[in-house]
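Colleague: I've got a new structure open and I'm not sure how to read it. Could you walk me through it, one feature at a time?

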Amino acid sequence: MLDSINEALAWFAPDARVGVDMPLGLPDSAEPGGRACDRMARALLGRRGASVFPPPVRGALAASGYAAALAANRASSPHGIGLSKQSHNLFPKIRELDAAVGAALQERVFEVHPEVAFAALNGGAAVAEPKKSAAGLATRMALLRRLPWEPPDPRAEARRLGGCAPDDVADALAVCATAWFAALGRVRRLPPDPPRDARGLRMEIVAPDSLDLAGPRPLA
């Protein structure tokens, strides 16, 4: 097991494409609905859009404790937008990712949202069933099996790894699938011309451009 993002990035070949299921590219001021890519992803996913949460502003990352981070996020813009505890729980990894990836490295390391990836593999339609349900997991795995590689069984892999659920494995496989499409030069960006943050990072979500796959009929 790899213990840090830097270890993970060092493990890959220098030209490998690497997807991350975390915010990459952080705003300085909080806007309603988050970044443009968050709003677009939420609109694409419809009722599954609740899985897209707005990232913190970069200034909140330096705060010590949830209350201070919440106050910093609210103070970043006139909108007074708060911060979920779920988002705050990810602060250590978001800080680590923000420190590890600069604008140059973002050419091959990019943000992925698994549900957006599954929607892309499903002909542009969000998967209807919840990902933690048996039907939802089966549908998502069926989409992955359309690709020319055989994904591992998510239940067996979850047991092997420990500390994760089968739907976590499916999410990770969706990120891997997006990286595979990126290596082929077949991805699309939300938004198509993404803005950059103060560090020059694109604020975008990358998804497979899979519309020309043979028989891409929605499974949902």
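Modeller: Sure. Keep in mind that this is a predicted model. Let's start with a helix: in helix 3, the residues Ala69, Leu70 and Asn73 are buried. Their arc around the axis is only 100 degrees, which puts them on the same side of helix 3.

Colleague: Why would residues that aren't next to each other in sequence point the same way in a helix?

Modeller: An α-helix has 3.6 residues a turn, so residues three or four places apart point the same way.

Colleague: Okay. Which exposed residues sit on the face of helix 3 turned away from its buried side?

Modeller: Ala67 and Ala75 are the exposed residues there. As for the buried residues of helix 3, they pack against helix 4 and helix 5.

Colleague: Let's move to helix 5, then. Which of its residues are buried?

Modeller: Helix 5 covers residues 91–100, and its buried residues are Phe91, Ile94, Leu97 and Asp98. They span an arc of only 125 degrees around the axis, so they lie on the same side of helix 5.

Colleague: What do those buried residues of helix 5 pack against?

Modeller: Four elements: helix 1 (5–11), strand 1 (18–20), helix 3 (66–75) and helix 4 (85–89).

Colleague: Now zoom out for me. How many helices and strands does the protein chain have?

Modeller: There are 9 helices and 4 strands. To get the order, read from the N terminus: α-β-α-α-α-α-β-α-α-α-α-β-β.

Colleague: How do I judge the overall shape?

Modeller: One way is to compare the radius of gyration with what a compact globule would have. For 220 residues that would be near 17 Å, and the protein chain has 17 Å, so the two agree. You can also look at the extents: along its principal axes, the C-alpha trace spans about 50 × 35 × 35 Å.

Colleague: And how much of the protein chain is buried?

Modeller: Buried residues are 44% of the 220. On the outside, the accessible surface is about 10500 Å², and carbon and sulfur atoms account for 58% of that.

Colleague: What about links between distant parts of the sequence?

Modeller: Take the contacts with a separation of 6 or more: 66% of them join residues 24 or more positions apart. You can look at single pairs too. Phenylalanine 181 and serine 210 are 29 residues apart along the chain, and their C-alpha atoms are separated by 8.1 Å.

Colleague: Where is phenylalanine 181, and is it buried or exposed?

Modeller: Phenylalanine 181 is in helix 9, residues 166–183. Its relative accessibility is 0%, so phenylalanine 181 counts as buried.

Colleague: How do I read the charges?

Modeller: You compare the mean positions of the two kinds. Here the 27 positive and 24 negative charges have mean positions 4 Å apart.

Colleague: Which way does arginine 35 go, buried or exposed?

Modeller: Arginine 35 counts as buried because its relative accessibility is 4%, and the cut-off is under 20%. Arginine 35 sits in the loop between strand 1 and helix 2 (36–45). Apart from neighbours within four places in sequence, arginine 35 is in contact with several residues, among them Pro23, Pro55, Glu111 and Met203.

Colleague: And arginine 202?

Modeller: Arginine 202 is buried, with a relative accessible area of 6%. The loop between strand 3 and strand 4 is where you'll find arginine 202. Leaving out neighbours within four places in sequence, the contacts of arginine 202 include Leu24, Gly25, Gln106, Glu107 and Arg189.

Colleague: What else should I look at in that loop?

Modeller: Proline 191 is in the loop between strand 3 (187–190) and strand 4 (205–208). The peptide bond from leucine 190 to proline 191 is cis, with omega near -10 degrees.

Colleague: One last residue. How does glycine 65 come out?

Modeller: Glycine 65 is partly exposed, at a relative accessible area of 34%. Look for glycine 65 in the loop between helix 2 and helix 3.

Definitions and conventions:
Residues numbered from 1 in each chain as written. Predicted model: local features only at pLDDT ≥ 70, side-chain atom pairs only at ≥ 80, totals over all residues. Heavy atoms only, no water. Helix = DSSP H or I, 4+ residues; strand = E, 2+ residues; numbered from the N terminus. Rg over C-alpha atoms; globule rule 2.2 N^0.38 Å. Buried < 20%, exposed > 50% of the residue type's maximum accessible area, 1.4 Å probe, protein only. Contact = heavy atoms within 4.5 Å. Areas by Shrake-Rupley, 256 points an atom, 1.4 Å probe, with all protein chains shown as cover. Lys, Arg positive; Asp, Glu negative; His and termini not counted. Charge placed at Lys NZ, Arg CZ, Asp CG, Glu CD. Arc of directions from axis to C-beta.
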